[in-house]
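Q: I'd like to learn how to read the pockets of a protein model. Can you walk me through it?

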Amino acid sequence: MIEINNVSKTYPGGTKGLNGINLSVAKGEFVVIVGLSGAGKSTLLRSINRLHDITEGDIVISGSSITKATGHQLRKIRRDIGMIFQSFNLVKRTTVLRNVLAGRVGYHSTLRTILGQFPKEDIELAFQALDRVNIVEKAYTRADQLSGGQQQRVAIARVLAQEAKIILADEPVASLDPLTTKQVMDDLKRINQELGITTIVNLHFIDLARQYATRIIGLRAGEVVFDGPVEQATDDV
Ligand code: ADP
Ligand code: ADP
């Protein structure tokens, strides 16, 4: 479902974020990428969704090259990819429901979404998504009145409403306490199992990775230093 072929990313100024990455992730997999700060985890996820352009190589999503795509084709590929960030990236001063409906934006004309008009089916999808992360009762609460864990669950509901086929989560629990971390990781894992959404999660703690991953990819200095089942991953991958 995701093919990463010989990908390198050099930032302006010369820092190498990724150096010759080759990876293949199958539909429905739950993969955890581990590595110290600066290893290239975030650069890799941002490359997959083409939030920035790569310097070398090719990334293919469900048979289409996102590296080469433009315009309508690029938007179509991106619609299948939901991003979750450490900092939640919600619109703080608006309701949870509106934040979740933002996941539907790619399905409508710009005018309609500027006016904030969403069809009844979208509202239903948004409520289903909120239900899946057990947060329906917060639908009309302003996003900035929620706890960090609740905000991250809203971000998960947003990618569910988006009907994303791939979830890329960049350190989704880095700013959460241990109990909330467990709730958010449990949600991601359950959604992967129930809906078969291909999921890649960046984490910097191998212990947490072990609890949830079936496959672990270790990154160091922009290179893959381990790729295998969780049982074979040593502490220094
Ligand atoms: P991680 O997510 O594992 O912490 P990153 O992907 O953020 O690692 O960073 C990989 C390398 O690329 C680091 O050396 C980092 O300093 C560098 N880097 C990341 N983002 C930028 C940027 N926007 N400009 C320049 N260098 C960057
Ligand atoms: P910034 O411009 O602050 O770096 P981004 O360009 O990464 O932020 O994203 C802008 C907004 O769009 C954020 O609110 C982010 O959550 C949202 N977003 C970006 N990509 C996706 C995606 N694939 N799925 C859902 N939301 C996304």
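A: Sure, let's begin with who builds the walls. In this predicted model, α2 contributes five residues to the lining of the largest pocket, the most of any element.

Q: Which elements each supply at least two residues of that lining?

A: They are α2 (71-79), β6 (81-85) and α6 (148-161).

Q: How do people find such spaces to begin with, and what volume does the largest pocket have?

A: The general idea: rolling a probe the size of a water molecule over the atoms shows where empty space is left. Here, the largest pocket comes out at about 520 Å³.

Q: How many residues line the largest pocket, and which lie nearest its centre?

A: There are 18 lining residues, and R78, R79, I81, G106 and Q162 are the ones nearest the centre.

Q: What about the chemistry of that lining, by class?

A: Sort the residues by class and you get seven nonpolar, six polar and five charged for the largest pocket.

Q: Now the runner-up: what is the volume of the second largest pocket?

A: The second largest pocket has about 270 Å³. Its lining has 14 residues, with R132, L160, E163, L195 and I197 closest to the centre.

Q: Which elements give two or more residues to that second lining?

A: Those are α5 (120-132) and α6. The largest share, four residues, is from α5.

Q: And how do the residues of the second lining divide by class?

A: For the second largest pocket, the split is eight nonpolar, two polar and four charged.

Key: Residues are numbered from 1 along each chain as its sequence is written. Chains are lettered from A and ligands numbered from 1 in the order in which they are written. This is a predicted model: local features need pLDDT of at least 70, side-chain atom pairs count only at pLDDT 80 or more; totals for chains, interfaces and linings use all residues. Side-chain values use heavy atoms; hydrogens and water are left out. On a 1 Å grid over the protein atoms alone, a cavity is a set of points where a 1.4 Å probe fits but cannot get out, and a pocket is an open set with protein on both sides within 12 Å along at least five of seven lines; lining residues have an atom within 4 Å of a point. Grid points are joined across faces, edges and corners, and a volume is the space filled by probe spheres set on the points. Ala, Val, Leu, Ile, Met, Phe, Trp, Tyr, Cys and Pro count as nonpolar, Asp, Glu, Lys and Arg as charged, and the others, Gly among them, as polar.
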